[in-house]
Amino acid sequence: MDTIVHRLFDAIDTRSWERLPELFADEVVYERPGYEPFRGLGRLDHFYREERVIASGRHHLDGVVVGDTQAACWGRFVGVHRDGSAIDEGFADTYELEGGRIRHRKSFFFRPAV
């Protein structure tokens, strides 16, 4: 399947950061647990290239729903942390879309909290 969500995770999993501008709006906002919201494509690019604690891995999508202006997905990420430890994390994302690109992304991770 070829949705913006599938293209996003293909770019992330292959570390193809040069593809970020085709996927995200210039003024994107990305909300991710543990970080202040990333605002703007430059900040998002910096996160992926310099700050992301994941060394490698792959997103396994269990479901994807895409409409004209909104999308959502859920699944698991399995990979390796920069410190060498294993990562196996359930996640879900919501998206606001504009002009064929992601304007807003919000990630949720499945951990005990309440």
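**Entry 1: the hairpin**

I started with the turn between strand 3 and strand 4. A hairpin of three residues joins these two strands. I kept in mind that this is a predicted model. Strand 3 covers 54-66 and strand 4 covers 70-81. I then looked up how the two strands pair. They run antiparallel, and eleven bridges join them. I picked one position to follow across. Histidine 59 has phenylalanine 77 in strand 4 as its bridge partner.

**Entry 2: the whole sheet**

Next I asked in what order the strands form the sheet. I read the order as 2-1-6-5-4-3. Six strands take part, the sheet is open, and the pairing is mixed. I noted the edges too. Strand 2 (38-39) and strand 3 are the edge strands, and each pairs on one side only. A reminder for myself: strands of a sheet pair through backbone hydrogen bonds, either parallel or antiparallel.

I also checked strand 5 against strand 6. Their pairing is antiparallel and runs over eight bridges. Here aspartate 93 stands opposite serine 107 in strand 6.

**Entry 3: helices against the sheet**

I moved on to helix 1. It lies across strand 1 (24-31), strand 3, strand 4, strand 5 and strand 6. Its angle to strand 3 is about 175°. Is helix 1 mostly covered or mostly exposed? I found it mostly covered, with seven of its ten residues buried. Among the buried ones I listed Ile4, Val5, Leu8 and Phe9. Asp13 is buried as well. Just after helix 1, I came to arginine 15, which takes a positive phi of about 55°.

Helix 3 came next. It lies across strand 1, strand 2 and strand 6. It runs at about 60° to strand 1.

**Entry 4: arginine 52**

I looked for arginine 52 and found it in the loop between helix 3 and strand 3. Is arginine 52 buried or exposed? It counts as buried because its relative accessibility is 5%, and the cut-off for buried is under 20%. I then listed its contacts, leaving aside neighbours within four places in sequence. Arginine 52 is in contact with Ile12, Arg15, Trp17, Phe47, His59, Phe77 and Arg82. Two of these names were already in my notes: His59 and Phe77 are the bridge partners from the hairpin strands. I also took one distance. Arginine 52 and arginine 105 are 53 residues apart along the chain, and their C-alpha atoms are separated by 16 Å.

**Entry 5: proline 21**

Proline 21 sits in helix 2 (residues 20-23). I noted it as partly exposed because its relative accessible area is 41%, which falls between the 20% and 50% cut-offs. Not counting residues up to four places away in sequence, proline 21 touches Leu41 and Arg101. Its C-alpha lies 9.5 Å from that of glycine 42, with the two residues 21 apart in sequence.

**Entry 6: the largest pocket**

I closed with the pockets. The largest one has a volume of about 370 Å³. Which residues are closest to its centre? I wrote down Arg32, Ile54, Ile87, Glu89 and Phe109, out of 22 lining residues. The elements that give two or more residues to the lining include helix 1, helix 3 and strand 3. Strand 5 gives the largest share, four residues. I sorted the lining by class as well. It has 13 nonpolar, three polar and six charged residues.

Technical notes. Residues are numbered from 1 along each chain as its sequence is written. This is a predicted model: local features need pLDDT of at least 70, side-chain atom pairs count only at pLDDT 80 or more; totals for chains, interfaces and linings use all residues. Side-chain values use heavy atoms; hydrogens and water are left out. On a 1 Å grid over the protein atoms alone, a cavity is a set of points where a 1.4 Å probe fits but cannot get out, and a pocket is an open set with protein on both sides within 12 Å along at least five of seven lines; lining residues have an atom within 4 Å of a point. Grid points are joined across faces, edges and corners, and a volume is the space filled by probe spheres set on the points. Ala, Val, Leu, Ile, Met, Phe, Trp, Tyr, Cys and Pro count as nonpolar, Asp, Glu, Lys and Arg as charged, and the others, Gly among them, as polar. Two strands pair if DSSP finds at least two bridges between them. Contact means heavy atoms within 4.5 Å. Axes are lines fitted to C-alpha atoms, for helices over the stretch in contact, and angles run from 0 to 180 degrees between N-to-C directions. Buried means under 20% relative accessible area, exposed over 50%, partly exposed in between (1.4 Å probe, protein chains only).
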